[in-house]
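Trainee: Could you walk me through this one slowly? I'd like to start with its surface and work inwards.
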Amino acid sequence: MTVEMRRLVFSDAEVIQAINEGLKVEWSKIQVEMDRRRSMGKVESLDGGGTVLSLAMTCDDPLDFKAKIKSQRGAITEREFSSTEMIRLLIAHCRIHKIPLARVAKKALRKAKVGYALDLTIRKWSTDAPDGEGGVIVSRVPRDP
């Protein structure tokens, strides 16, 4: 079996940008829901969206983060992001910025020397392998004595 590994390294600024993009999308979904409720006569006001002021890693394995976020109205709150949420945000960031990713891959977020790395492990195999489990067939050529 052949395994391909890709590593995308994101700087701290790019990770914060990915979170900001995710907050913007999340806020637009909340606004749609608020508009729907207003049309039904239920008036309410929510504070959301915003900008990341700071980001800190709270756990090493798996990587978890805590961000200070300034909302649309100026309130500062803290929000935790799990490793799974961060992977989702980084994948969305890659799609926005036209960075190609494999759809079927094992994804993991790790701390890199500089920034954070999104590791993609893609399994590839040959369907005509003799053992039926897939793999690469290598023929051996005898050496001259």
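Mentor: Let's begin with the outside, then: the chain exposes about 10400 Å², and carbon and sulfur atoms supply 53% of that area. Please keep in mind throughout that this is a predicted model.

Trainee: And how much of the chain counts as buried?
Mentor: The chain has 145 residues, and 28% of them count as buried.

Trainee: OK, what about helices and strands, how many are there?
Mentor: There are 2 helices and 6 strands in the chain, and if you read along the sequence you will meet them in the pattern β-α-β-β-β-α-β-β.

Trainee: Which contacts join residues at least 24 apart, and what share are they?
Mentor: If you take the contacts between residues at least 6 apart in sequence, 47% of them join residues at least 24 apart.

Trainee: Switching to pockets: what volume does the largest one have?
Mentor: Its volume is about 230 Å³. As for how such spaces are found, rolling a probe the size of a water molecule over the atoms shows where empty space is left.

Trainee: Which residues lie nearest the centre of that largest pocket?
Mentor: Those are Gly22, Val25, Glu26, Arg88 and Leu89, which belong to a lining of 15 residues. By class, that lining has 8 nonpolar, 2 polar and 5 charged residues.

Trainee: And which elements does the lining come from?
Mentor: At least two lining residues each come from α1 (12-39), β4 (76-81) and α2 (83-96), and the largest share, 8 residues, is supplied by α1.

Trainee: Let me pick on serine 83, is it buried or exposed?
Mentor: Serine 83, which lies in helix α2, counts as buried because its relative accessibility is 11%, and the cut-off for buried is under 20%.

Trainee: What does serine 83 touch, then?
Mentor: Leaving aside residues up to four places away in sequence, serine 83 touches Pro62, Leu63, Asp64 and Leu109. You can also look across to phenylalanine 65, which is 18 residues from serine 83 along the chain, with 7.7 Å between the two C-alpha atoms.

Trainee: How many aromatic pairs does the structure hold?
Mentor: The structure holds 1 aromatic pair. The rings of phenylalanine 65 and tyrosine 116 have centres 5.1 Å apart and planes at 80°, so the pair is edge-to-face, given that planes over 60 degrees apart count that way.

Trainee: Which parts of the chain does that pair tie together?
Mentor: Phenylalanine 65 sits in strand β3 (residues 64-70) and tyrosine 116 in strand β6 (residues 116-124), so the pair ties together parts that are 51 residues apart in sequence.

Trainee: Are those two rings' residues buried or exposed?
Mentor: Phenylalanine 65 counts as buried, with 1% relative accessibility, and tyrosine 116, at 9%, counts as buried too.

Trainee: Last one: where is valine 104, and is it buried or exposed?
Mentor: Valine 104 is placed in the loop between α2 and β5 (106-111), and it counts as exposed because its relative accessibility is 71%, the cut-off for exposed being over 50%. The C-alpha atoms of valine 104 and isoleucine 122 are separated by 7.0 Å, while the two residues are 18 residues apart along the chain.

Key. Residues are numbered from 1 along each chain as its sequence is written. This is a predicted model: local features need pLDDT of at least 70, side-chain atom pairs count only at pLDDT 80 or more; totals for chains, interfaces and linings use all residues. Side-chain values use heavy atoms; hydrogens and water are left out. Helices (H or I, at least four residues) and strands (E, at least two) are DSSP runs, numbered from the N terminus. Buried means under 20% relative accessible area, exposed over 50%, partly exposed in between (1.4 Å probe, protein chains only). Contact means heavy atoms within 4.5 Å. Accessible areas come from the Shrake-Rupley method with a 1.4 Å probe; for residues, only the protein chains shown count as cover. On a 1 Å grid over the protein atoms alone, a cavity is a set of points where a 1.4 Å probe fits but cannot get out, and a pocket is an open set with protein on both sides within 12 Å along at least five of seven lines; lining residues have an atom within 4 Å of a point. Grid points are joined across faces, edges and corners, and a volume is the space filled by probe spheres set on the points. Ala, Val, Leu, Ile, Met, Phe, Trp, Tyr, Cys and Pro count as nonpolar, Asp, Glu, Lys and Arg as charged, and the others, Gly among them, as polar. Rings of Phe, Tyr and Trp (its six-membered ring) pair if their centres lie within 6.5 Å; planes under 30 degrees apart count as stacked, over 60 as edge-to-face and the rest as tilted.
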